[in-house]
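Good morning, and thank you for coming. I would like to take you through one protein model, moving from two annotated positions to the contacts elsewhere in the chain.

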Amino acid sequence: MEVSRWTPAAGLLLLLLLPLAATPSRAATMARSPSSSTAVFQLQGDVYPTGHYYVTMNIGNPAKPYFLDVDTGSDLTWLQCDAPCRSCNKVPHPLYRPTANRLVPCANALCTALHSGQGSNNKCPSPKQCDYQIKYTDSASSQGVLINDSFSLPMRSSNIRPGLTFGCGYDQQVGKNGAVQAAIDGMLGLGRGSVSLVSQLKQQGITKNVVGHCLSTNGGGFLFFGDDVVPSSRVTWVPMAQRTSGNYYSPGSGTLYFDRRSLGVKPMEVVFDSGSTYTYFTAQPYQAVVSALKGGLSKSLKQVSDPTLPLCWKGQKAFKSVFDVKNEFKSMFLSFSSAKNAAMEIPPENYLIVTKNGNVCLGILDGTAAKLSFNVIGDITMQDQMVIYDNEKSQLGWARGACTRSAKSILSSFP
């Protein structure tokens, strides 16, 4: 359902799920200790031109590959599905085909949690199945039933294949921006709710409820479940804030600085969301950033119209990468009051892209125009740093570094 070329509006297509209740799922037998179990996956994709990072998940028996968009801003994992399909987009792999014995019944605790978070629109027409409907901010949606099937997880010693609950989507509506061929088969929901895949793995005693990703500016990167990969030092940690609306990963409010000078805007409520390609600031900080950027540019850069993003500049010759032009721009910083000396640096390569037209464009968009009431740190700003969502200790962390290591080399480096 995700578009392959992100317009400012289309970038919200998979940004925000309706918040899900964090009702505990059905207790599972603790089959193994999660204290030293971590699954690591290779990522593909990039901010531009792909518009997202995705992982290959092998699902079913026999296992078949599916490309899933990595989304820490939503809980439910779902695949486009032949149930039969009422309205599906063209996807990279044959549609997942469910069997009746895989249906999750309406009385299941995960079904209850899903419905309680989505209001009265989700009812079970039959006690034998759990129906769902998800609506996104641009009016896109997915409708289907919950399924339980095997997921192949690459662990250090071997692959394991736990049964996990996810959505079988047989009706996808693309929203206001039209449809192009989807580069993915579905969504990988890694949010804080009990239906999230990492919450289910914790309930089954397979991994700790910790998820992290490292997105490379060169494309690709890695994703992990569990805490073995988390560095013992160099990580900036902040406590997770409890948001009043939406169960999203938030470090709380941050003060925005440009070139180490305060922009004079009030502290911003921030959410980390890997399901958003770009970063979104609400009107006041967005306008402050734009003014500061324009005020510091040399005359060699001229503002130009580019269909990729709203604000772009051209140079005396076409740019090939952000590194050709980064010296024209300054770093930003977000300083969080919830922890001492906790700041995230946002260098130019974490807020700019160079388009196929050779222009440099601002990858921070106006969130108020997109009807957001808070600020979203998207993929572009999380590149080239490990970002850790630690639900065990209710903290968020980040550590700058290259994200080019292979999943295989990371698994082999475990003690």
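Where is Asp-273 found? Asp-273 is in the loop between strand S15, residues 268-272, and strand S16, residues 279-281. Before I continue, please bear in mind that this is a predicted model.

I begin with Asp-273 on account of the record. In an unreviewed entry, UniProt lists Asp-71 and Asp-273 under "active site". The two are spread over 203 residues of sequence, yet they cluster in space, with a largest C-alpha distance of 6.7 Å. Asp-71, for its part, is found in strand S3, which covers residues 64-71.

Are these two aspartates buried or exposed? Asp-71 has a relative accessibility of 0% and therefore counts as buried. Asp-273 is also at 0% relative accessibility, so Asp-273 counts as buried too.

Each side chain has a backbone nitrogen as a partner. The side chain of Asp-71 reaches the backbone nitrogen of Gly-73 at 2.9 Å. In the case of Asp-273, a polar atom of the side chain lies 2.8 Å from the backbone nitrogen of Gly-275.

Let me now step back to the whole protein. Its secondary structure comes to 5 helices and 26 strands. There are 415 residues, of which 58% count as buried. Consider next the contacts between residues at least 6 apart in sequence: 70% of them join residues at least 24 apart. The protein exposes about 16700 Å², and carbon and sulfur atoms supply 49% of that area.

I turn to the charged pairs. How many salt bridges does a search of the whole structure find? The search finds 7, and I shall discuss three of the pairs. As background, side chains of opposite charge can pair when their charged atoms come close.

The pair I take up now is Asp-171 with Arg-86, whose closest N and O atoms are 3.6 Å apart. This salt bridge links distant parts of the chain, 85 residues apart: Asp-171 belongs to strand S8, residues 163-173, while Arg-86 sits in the loop between strand S4 (78-80) and helix H1 (109-118). The partners differ in their surroundings. Asp-171 counts as buried because its relative accessibility is 10%, and the cut-off for buried is under 20%. Arg-86, by contrast, has a relative accessible area of 57% and is therefore exposed.

The next pair is Arg-102 and Asp-149, whose side chains meet in a salt bridge at 3.6 Å, N to O. Arg-102 lies in the loop between S4 and H1 and Asp-149 in strand S6, residues 141-154, so this pair ties together parts that are 47 residues apart in sequence. Arg-102 counts as partly exposed because its relative accessibility is 27%. Asp-149, at 6%, counts as buried.

The remaining pair in this part of my talk is Asp-259 and Arg-261, with a salt bridge of 3.3 Å, N to O. Here Asp-259 is partly exposed, with a relative accessible area of 31%. Arg-261 is exposed, with a value of 51%.

I should also like to show you Asn-359, in the loop between strand S21 (352-354) and strand S22 (360-362). At 9% relative accessibility, Asn-359 counts as buried. Its side chain is joined to the side chain of Asp-306 by a polar contact of 2.9 Å. Leaving aside neighbours within four places in sequence, the residues in contact with Asn-359 include Asp-306, Cys-312, Trp-313, Lys-314 and Phe-319.

A further loop residue is Val-235, between strand S11 (221-225) and strand S12 (236-239). Val-235 is buried, at 14% relative accessibility. Not counting residues up to four places away in sequence, Val-235 touches Ile-388, Gly-397, Trp-398 and Ala-399. In addition, Val-235 and Gln-385 are 150 residues apart in sequence and 9.9 Å apart in space, C-alpha to C-alpha.

Finally, a check on one helix. Helix H3 covers residues 283-296, and why does its length agree with expectation? At 1.5 Å a residue, its 14 residues should span 20 Å, and the end C-alpha atoms are indeed 20 Å apart, so the two values agree. The buried residues of H3 are Pro-285, Tyr-286, Ala-288, Val-289, Val-290, Ala-292 and Leu-293.

To close, I return to the starting point: Asp-71 and Asp-273, listed by UniProt in an unreviewed entry, have a largest C-alpha distance of 6.7 Å in this model. Thank you for your attention.

Terms used: Residues are numbered from 1 along each chain as its sequence is written. This is a predicted model: local features need pLDDT of at least 70, side-chain atom pairs count only at pLDDT 80 or more; totals for chains, interfaces and linings use all residues. Side-chain values use heavy atoms; hydrogens and water are left out. UniProt positions are given in the numbering used here, feature names are shortened, and annotations may be inferred rather than shown by experiment. Helices (H or I, at least four residues) and strands (E, at least two) are DSSP runs, numbered from the N terminus. Buried means under 20% relative accessible area, exposed over 50%, partly exposed in between (1.4 Å probe, protein chains only). A polar contact is a pair of N or O atoms within 3.5 Å; within protein, one must be able to donate a hydrogen and the other to accept it, and residues adjacent in sequence count only if both atoms are side-chain atoms. Contact means heavy atoms within 4.5 Å. Accessible areas come from the Shrake-Rupley method with a 1.4 Å probe; for residues, only the protein chains shown count as cover. A salt bridge is a side-chain nitrogen of Lys or Arg within 4 Å of a carboxyl oxygen of Asp or Glu. The expected span of a helix is 1.5 Å times one less than its number of residues.
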